[in-house]
Amino acid sequence: MLLVLSEEHKEHLGFLSEVDSAVVGEFGRIAVEFLKKGSNPKIYEGAARKLNVSSESVQHGVEGLMYLLTESSKLMISEVDFQDSVLVLGFSEELNALLLQLYLENRKEVRQILSKLAPSLPHYHNLEWRLDVQLASRALRHQVKPTVTLKLHLEDGAKRSARVLQTDPATLQHLIDELERALAELKSSHCRRILRNIK
């Protein structure tokens, strides 16, 4: 799978061809650091003074490199696909090889950083349920009013919580049908292809 870069990203990455390969390597290290700790404008200004360019150019170059590394790592692009993706930028063979080396050295670390940035959501731990049926009341002697009560236990790391839900059987059946339809959709070839590219 090839990585498709917008014209803006190509323009930002174009700055890398104007600097030395050692500077590109340093920009790669800065890009990974920024993923870990966040952006630091002082580093842009320091690098801009050393290179005699604007800090905005340095910032765009580092951010373009950061985007290239994160998207490539997210999609787990192969070496050949990465080289083909970078080929459209028109860089020298030396710079293409350096970018490939940066990608191969940092892709596992970038994936770990991205996985830590993903939101932590509570997940299923246990489910308790009860079916209540009201057969009669003072006003109506012959009625059948079923109610399903669910207690959903959730786990978020070491923290556990419970949610109580109450519904009638028709709504519960509709919910089950929708969830089964969603699970069936997950098994489709289109969905499997998307999931394979996300991992």
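How are H2 and H6 oriented to each other, roughly parallel or roughly perpendicular? Keep the question in mind while selecting the two helices; the model is predicted.

**Stop 1: H2 and H6**

Select residues 21-37 for helix H2 and residues 93-117 for H6. The two helices pack with their axes 10 Å apart, at an angle of about 15 degrees. Angles under 35 degrees count as roughly parallel, and H2 and H6 are therefore roughly parallel to each other. The crossing in which H2 passes H6 is right-handed.

Now show side chains at the contact. On the H2 side, pick Ser21, Val24, Gly25, Gly28, Val32, Leu35 and Lys36. They meet a set in H6 made up of Glu94, Leu95, Leu98, Leu99, Leu102, Asn106, Glu109, Val110 and Ile113. Coloured by class, this contact of H2 with H6 shows nine nonpolar, four polar and three charged residues. For the spacing along such lists, recall that an α-helix has 3.6 residues a turn, so residues three or four places apart point the same way.

**Stop 2: the start of H6**

Go to Glu93, which lies in H6. Glu93 has a relative accessible area of 64%. Because the cut-off for exposed is over 50%, Glu93 is exposed. Select Gln83 as well: from Glu93 the separation is ten residues in sequence, and 9.9 Å in space from C-alpha to C-alpha.

**Stop 3: H3 and what covers it**

Select residues 41-51, helix H3. Which residues of H3 are buried? They are Tyr44, Gly46, Ala47 and Ala48. Add H2 and helix H4 (55-75) to the view, since both are included in what covers these buried residues. Just after H3, stop at Asn52, where phi is positive, at about 60 degrees.

**Stop 4: the strands**

Move on to strand S1, residues 123-134, and strand S2, residues 145-156. S1 and S2 run antiparallel and are joined by eleven bridges. To check one pairing, select Tyr124 and its bridge partner in S2, Leu154.

Next add strand S3, residues 159-167. S3 runs antiparallel to S2, and nine bridges join the two. Here, pick Val148 and look across to Thr167 in S3, which stands opposite. When following side chains along these strands, note that in a regular strand they alternate between the two faces of the sheet.

Finish at the turn. The hairpin of S2 and S3 has two residues between the strands. In this hairpin, select Gly157, which takes a positive phi near 70 degrees.

Key. Residues numbered from 1 in each chain as written. Predicted model: local features only at pLDDT ≥ 70, side-chain atom pairs only at ≥ 80, totals over all residues. Heavy atoms only, no water. Helix = DSSP H or I, 4+ residues; strand = E, 2+ residues; numbered from the N terminus. Buried < 20%, exposed > 50% of the residue type's maximum accessible area, 1.4 Å probe, protein only. Axes fitted to C-alpha atoms, helices over the stretch in contact; angles between N-to-C directions. Parallel < 35°, antiparallel > 145°, perpendicular 65-115°, else oblique. Left-handed = near helix turned anticlockwise from the far one by under 90°. Contact = heavy atoms within 4.5 Å. Nonpolar A, V, L, I, M, F, W, Y, C, P; charged D, E, K, R; others polar. Pairing = 2+ DSSP bridges.
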